[in-house]
Amino acid sequence: MKFLCSTFLVALLVISCKNDKMPEITDVVDKKLTLEGAWQMVGYYNYQDNKIADSFMSSESYKQIKIYTPTKVMWSRLNRQDSTDWFGYGDYKITDSTLQEIIVYGSNSMNKAIEKNNEFNFELMLGEDKFSQIELDEFGDRILAENYIRLE
């Protein structure tokens with residue numbers, strides 16, 4: 001009987017010691033964050049002393065969409081309380097923490113604005129499915145953030 005129990009325990013031990021292959025670190029692929037795709041603005045943050053002082057959410061009557069290709073950006077804004085059209089098209093460049101948009105042309109309202117300055121520089125906070133572009137003042141302090149979620 002002792003022999004039978006010992007044999008059973010040894011067999012159980014051998015079966016329980018499976019050799020599953022552990023995933024290697026090289027099997028994990030880092031996903032590169034990118035602005036490429038379509039984005040919808042979900043709200044704003046207003047800053048005071050580099051801290052969020054107020055926030056506003058987008059609504060059905062106020063929407064903004066941005067679309068980024070590998071090198072181009074196009075955006076449009078719907079504001080049902082304002083009859084002024086706003087859209088723009090141009091180039092963009094990003095680093096880990098900055099976004100630069102160089103608007104080439106846009107709506108009549110935007111064209112008037114870009115006659116004075118067509119280069120817009122922002123602090124960038126980029127995640128997989130969200131990003132914020134943060135406007136800075138001449139001293140590098142935060143003023144306003146536009147917050148977006150990925151549509152596709």
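Two strands pair if DSSP finds at least two bridges between them. I kept that rule beside me while going through this predicted model.

**Entry 1: strand pairing**

I looked up E6 and E7 to begin with. They run antiparallel, and 5 bridges join them. This meets the rule of at least two bridges, so I wrote them down as a pair. For one position I noted the partner: Thr 98 stands opposite Glu 123 in E7.

Next I asked how many bridges there are between E7 and E8. I found 5, again in the antiparallel sense. Here Leu 126 stands opposite Phe 131 in E8. E7 and E8 also form a hairpin, with 3 residues between the two strands. I added a reminder for reading the sheet: in a regular strand the side chains alternate between the two faces.

**Entry 2: the largest pocket**

I then turned to empty space. The largest pocket holds about 460 Å³. I counted 20 lining residues, and the closest to the centre are Phe 120, Phe 122, Gln 133, Glu 135 and Glu 146. Several elements give two or more residues to this lining, among them helix H2 (108–116), strand E3 (62–68) and strand E4 (72–79). Which strand gives the most? It is E7, with 4 residues. Sorted by class, the lining of the largest pocket has 10 nonpolar, 6 charged and 4 polar residues.

**Entry 3: the second largest pocket**

The second largest pocket has a volume of about 250 Å³. Its lining is made of 18 residues, and Tyr 45, Lys 130, Phe 131, Ser 132 and Asn 147 lie nearest the centre. I had already met Phe 131 as the residue opposite Leu 126. Strand E1 (37–48), strand E2 (51–57), E7, E8 and E9 each give two or more residues to this lining. E1 gives the most, with 5. By class I noted 12 nonpolar, 5 polar and 1 charged residues. E7 and E8 are on my list for this pocket, and they are also on my list for the largest one.

**Entry 4: confidence**

Last, I checked how far the model can be read. The protein averages a pLDDT of 85, and 80% of the residues score at least 70. Where does the pLDDT fall below 50? I found this over residues 7–28, a stretch with 0 contacts in the model beyond near neighbours in sequence. Where pLDDT is low, the predicted coordinates should not be read in detail. I therefore left the details of such coordinates out of this notebook.

Conventions: Residues numbered from 1 in each chain as written. Heavy atoms only, no water. 1 Å grid on protein atoms, 1.4 Å probe; cavity = no way out; pocket = protein on both sides within 12 Å on 5 of 7 lines; lining within 4 Å. Points joined across faces, edges and corners; volume = space filled by probe spheres on them. Nonpolar A, V, L, I, M, F, W, Y, C, P; charged D, E, K, R; others polar. pLDDT = per-residue confidence, 0-100. Contact = heavy atoms within 4.5 Å.
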